[in-house]
Amino acid sequence: MKVFGVPSTSLPMKRPVYMDHHATTPVDPRVVEAMAPYFTEIFGNPASRNHVFGWRAEEAVETARAQVAELIGARTREIVFTSGATESINTALKGAAAARRTRGNHIITLQTEHRAVLDSLNRLEEGDFRVSYLPVAPGGLVELERLERTISDETILISVLLANNEIGVIQPVGEIGRIARRHGIVLHVDAAQAVGKIPVSVERDEIDLLSLTAHKFYGPKGVGALYVRRKDPRIDVRALIDGGGHERGFRSGTLNVPGIVGLGKACEIAGSGMGGESRRLAGLRDRLLDGLRSRLDDLSVNGDLDARLPHNLNVSFSAVDGESLLMRLDDIAVSSGSACTTATARPSHVLRALGVSRSLSQSSLRFGLGRWNTEEEIDYVVDKVAIVVTRLRELSTATP
């Protein structure tokens, strides 16, 4: 049997079961195979233009650049390689804000954005920029009319998370892009959770800047890309990292050739089988939700179920202590929220923005299904979660 073109084992299910693919994904074996020669055989610096070692490395980088561009519908020269989505986001927001400062100082975003966006904008607010943090509807979607009403003559930038990292809700980026274009405003899209999972087109959706990272769709950690529109209109971005003028001056530093090759291969694989994988994962997600609903009362799905990533499910369980729940699910890798913020004791800012109570926010689980999850694993997770939640509720009611 093969799953997404890769042989899967017929051996008994292994535990722990990994269902935290929003945090990171395992590297696809085909990606590892593509990367391997660039550690030992083709090890040159692509900036070395005087010998074959550098030429071969540069050729590999440009091949990967084309692979990334094809997946998101961009031009090859619009792709800038970075260390990951966080660097891409910082460069996009801070670089575009600096480049457009003479036109205004107002930025618009959503309350449900990833911390990489929110913290970058907080840093800009320490200067002389103003940021409007728009609320979302209970399903997690932005109200487009409200967004347009928030625009002023000083607005220079809008930043929107295409697919939310906690609740999987997909924003209407195409409509937002058209609003931004009408007003002459730059649109940045954080697509870290969306690229490789759902179709993304910078031209169709009139996106000006887009951030992505390899490790969210079966590529290596430590490498990502920033899309910067070069025409119709050309977008200016000030570099954050200087020294050598690599990546056409957008991001200096010796390129991570093996990682870039891996990112390109991951894009190629995702583009070739996205439809089939999405349908399979949506089926597994529905099986998981139906199973939980059949076994448990008083559970609620967080976020719109229709405008949603196919592999995401975020559920709150009433009358359950979230920490106790996670501790007892010791052979299932799931999350209570973003992998970037779960070290804190605070409830999810995303769920709170949806109007979810503090107690329910702290008793939520984020399931992120992935390429090699199976029906057998889904059924095991349903059974284990149902048993644990039922037991915790019994203990809660028995406590005087």
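In the predicted model, helix α5, formed by residues 115-125, lies across strands β5, β6, β7 and β8. The direction of α5 is at about 145° to that of β6. The strands crossed by α5 belong to an open sheet of 7 strands, arranged in the order β4-β10-β9-β8-β7-β5-β6. Pairing within this sheet is mixed. Its edges are formed by β4 (79-82) and β6 (130-134), each of which pairs on one side only. From one strand to the next, the twist averages 20°.

A second helix, α4 (residues 85-99), also packs on this sheet. Helix α4 touches β4, β5 (106-110), β7, β8, β9 (209-213) and β10 (224-228), and its direction makes about 165° with that of β9. Strands β5, β7 and β8 are therefore named among the contacts of α4 as well as among the strands that α5 lies across. Within the sheet, β7 (residues 155-161) and β8 (residues 186-190) run parallel and are joined by 5 bridges. Val160 stands opposite Val189 of β8.

A further open sheet comprises 3 strands in the order β11-β12-β14, with antiparallel pairing. Strands β11 (299-301) and β14 (364-368) form the edges, each pairing on one side only. The twist of this sheet averages 25° from one strand to the next. Strand β12 (residues 312-317) runs antiparallel to β14, and 5 bridges join the two. Ser316 stands opposite Ser364 in β14. Helix α8 packs on this sheet and touches β11, β12 and β14. The direction of α8 makes about 15° with that of β12.

Helix α8 extends over residues 257-295. A straight helix of 39 residues would span 57 Å at 1.5 Å a residue, whereas the end C-alpha atoms of α8 span only 49 Å. The helix contains a kink of about 70°, centred on Gly273. At the N-terminal end, α8 is capped by Asn256, a side-chain oxygen of which lies 3.1 Å from the backbone nitrogen of Gly259.

Several backbone features occur in loops. Most residues other than glycine have a negative phi, and most peptide bonds are trans. The peptide bond from Arg15 to Pro16 is cis, with omega near 5°, and Pro16 is placed in the loop between β2 (6-7) and β3 (17-18). A cis peptide bond also links Asp232 to Pro233, with omega near -5°. Pro233 is found in the loop between β10 and α8. Arg248 is likewise found in the loop between β10 and α8, and its phi is near 55°, a positive value in a residue other than glycine.

The protein chain averages a pLDDT of 93, and 94% of the residues score at least 70. Over residues 6-10 the pLDDT is below 50, and this stretch has 10 contacts in the model beyond near neighbours in sequence. Residues 338-343 also have a pLDDT below 50, with 11 contacts beyond near neighbours in sequence. Where pLDDT is low, the predicted coordinates should not be read in detail.

Note on methods
Residues numbered from 1 in each chain as written. Predicted model: local features only at pLDDT ≥ 70, side-chain atom pairs only at ≥ 80, totals over all residues. Heavy atoms only, no water. Pairing = 2+ DSSP bridges. Helix = DSSP H or I, 4+ residues; strand = E, 2+ residues; numbered from the N terminus. Axes fitted to C-alpha atoms, helices over the stretch in contact; angles between N-to-C directions. Contact = heavy atoms within 4.5 Å. Expected span 1.5 Å × (residues − 1). Bend = angle between axes of the 7 residues up to and from the residue. Polar contact = N/O pair within 3.5 Å; in protein donor to acceptor, adjacent residues only side chain to side chain. pLDDT = per-residue confidence, 0-100.
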